[in-house]
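User: I am new to reading structures. Please take a close look at one part, the helices that pack against each other, and then set that part in the whole chain.

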Amino acid sequence: MTDQHSHNSGSNSSDAIATSAYSGSAEDIVKRHIYEPSLPSYTEAEFNSAAERITALLEKENAAIVAHYYTDPAIQKLAEMTGGIVSDSLEMARFGAAHKAQTLIVAGVKFMGETAKILSPEKRVFMPTLEATCSLDLGCPIEEFSAFCDQHPDRTVVVYANTSAAVKARADWVVTSSIAVDVVDYLDGLGEKIIWAPDKHLGAYVQKQTGADMLLWDSTCIVHDEFKAKGILDLKAVYPNAAVLAHPESPASVLALADRVGSTTQIIQAASELPHEQFIVATDQGIFYKLTQLVPNKQFLIAPTGGAGATCKSCANCPWMAMNDLDNLANSLELKTNEVFVEEALAARALLPLQRMLDFVKAGA
Ligand code: SF4
């Protein structure tokens with residue numbers, strides 16, 4: 001695991017902040033990181049008009065919105081208003097498969113639409129855009145991954161949900177971040193050695209938690225990889241009592257500073273359970289909509305990334321999740337564009353490790 005930032009690189013003095021990559025006073029820095037609940041992409045009138053149009057389309061098409069926590073707050077709000085769901089990728093998969101709607105509109109990224117279609121081949125699945133992908137999916141091309149697996153035939157192949165249908169079809173197990181540790185721990189208990197793909201930070205975290213024998217694919221999420229220990233230590237110098245909540249796709253040096261490491265759902269739970277009044281949250285900013293809704297009396301700070309002038313590509317905001325908006329969601333439903341298809345034989349193979357995951361969750365519930 002490579003992480004260029006030392007765990008000891010911070011300072012307890014707010015003076016250190018002025019000389020860091022973050023310019024301005026300590027107060028300026030904190031203000032820049034405090035999350036302000038709002039629907040910044042739309043005026044109230046725009047939202048109401050889009051909501052009216054989409055609600056009518058959902059009824060007409062017998063459809064439900066399945067949205068990820070990282071999508072625009074307006075999409076999350078609309079999903080809730082119309083009986084859809086806002087959740088992590090595991091719950092999205094379960095909800096979509098169990099829902100009686102004949103049509104699903106999946107607001108998220110490509111692998112989520114594919115997963116919905118694989119689990120519910122009889123339903124029509126649409127997405128606001130088919131262009132929204134994921135750096136982890138892109139970082140794990142099937143040809144290279146399959147060759148890697150072929151080199152290690154004695155290993156059980158466990159892949160993260162953030163992968164293509166083809167990669168899932170090559171796997172023995174699919175996992176989400178909320179159950180990765182439990183599944184690998186279970187497999188380790190059976191004496192199995194593991195190939196893990198594609199997120200190397202999550203893989204290293206799971207390996208550390210379970211002690212399992214794991215070979216890690218080398219890919220990262222461009223959003224979480226940008227969180228830096230130094231930035232978090234700088235912010236903690238201003239808010240020393242804030243707890244740090246981090247998604248395990250973040251680098252090991254960030255996880256080492258965290259009071260709780262977990263999936264998006266587990267981060268929301270932690271914010272509610274822990275006694276702290278303030279939290280520094282290392283995951284996509286989209287989650288702050290739910291955090292402030294479910295835990296309204298606490299304050300949330302966006303974890304710093306590389307800082308001004310650094311190499312931040314995403315700054316706690318997934319560029320692919322951000323491609324979903326109310327217009328393309330409505331257009332997709334109205335014009336029947338952006339339908340998700342997965343080739344039948346491939347879907348049948350990918351279903352096996354997905355179903356294994358859902359059965360595992362069910363057995364443990
Ligand atoms: S936040 Fe990261 S893991 Fe999630 S969709 Fe975006 S690039 Fe992929």
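Analyst: Here is a walk through two helix pairs, followed by some loops and the core.

First, the ground rules. Residues are numbered from 1 along each chain as its sequence is written. The model is predicted, so local features need pLDDT of at least 70, side-chain atom pairs count only at pLDDT 80 or more, and totals for chains, interfaces and linings use all residues.

The chain has 17 helices and 12 strands. Helices (H or I, at least four residues) and strands (E, at least two) are DSSP runs, numbered from the N terminus.

Start with helix α3 (residues 44-61) and helix α16 (residues 326-335). They pack at an angle of about 30 degrees, with their axes 10 Å apart. That makes α3 roughly parallel to α16. Axes are lines fitted to C-alpha atoms, for helices over the stretch in contact, and angles run from 0 to 180 degrees between N-to-C directions. Angles under 35 degrees count as roughly parallel, over 145 as roughly antiparallel, 65 to 115 as roughly perpendicular and the rest as oblique. The crossing of α3 and α16 is left-handed. In that case the near helix is turned anticlockwise from the far one by less than a right angle; clockwise would be right-handed.

Which residues of α3 and α16 make the contact? From α3 come A50, R53, I54, L57 and E61; from α16 come L326, L329, A330, L333 and E334. Two residues are in contact if their C-beta atoms, placed from the backbone, lie within 7 Å. By class, this contact of α3 with α16 has 7 nonpolar, no polar and 3 charged residues. Ala, Val, Leu, Ile, Met, Phe, Trp, Tyr, Cys and Pro count as nonpolar, Asp, Glu, Lys and Arg as charged, and the others, Gly among them, as polar.

Now look just past these two helices. N62 sits in the loop between α3 and β1 (63-68). N62 is not a glycine, yet its phi is positive, about 50 degrees. K336 lies in the loop between α16 and α17 (344-364). Its phi is near 60 degrees, again positive in a residue other than glycine. N62 is exposed, with 12 other C-beta atoms within 10 Å. K336 is exposed too, with 12 other C-beta atoms within 10 Å. A residue is buried if 20 or more other C-beta atoms lie within 10 Å of its own, exposed if 12 or fewer, and partly exposed in between, with C-beta atoms placed from the backbone.

The second pair is helix α5 (residues 89-98) and helix α6 (residues 110-119). Their angle is about 35 degrees, and their axes are 9 Å apart. The crossing of α5 and α6 is right-handed. S89, M92, A93, G96 and A97 of α5 meet M112, T115, A116 and L119 of α6. This contact has 6 nonpolar, 3 polar and no charged residues. Is α6 enclosed or open? 10 of the 10 residues of α6 are buried, so α6 is largely enclosed by the rest of the structure.

Finally, the whole chain. Of its 365 residues, 50% count as buried. The largest nonpolar core has 111 residues, and V158, V175, L245 and V281 have the most contacts inside it. Such a core is a set of buried Ala, Val, Leu, Ile, Met, Phe, Trp, Tyr and Cys residues joined through C-beta atoms within 7 Å. In soluble globular proteins, nonpolar side chains tend to be buried together.
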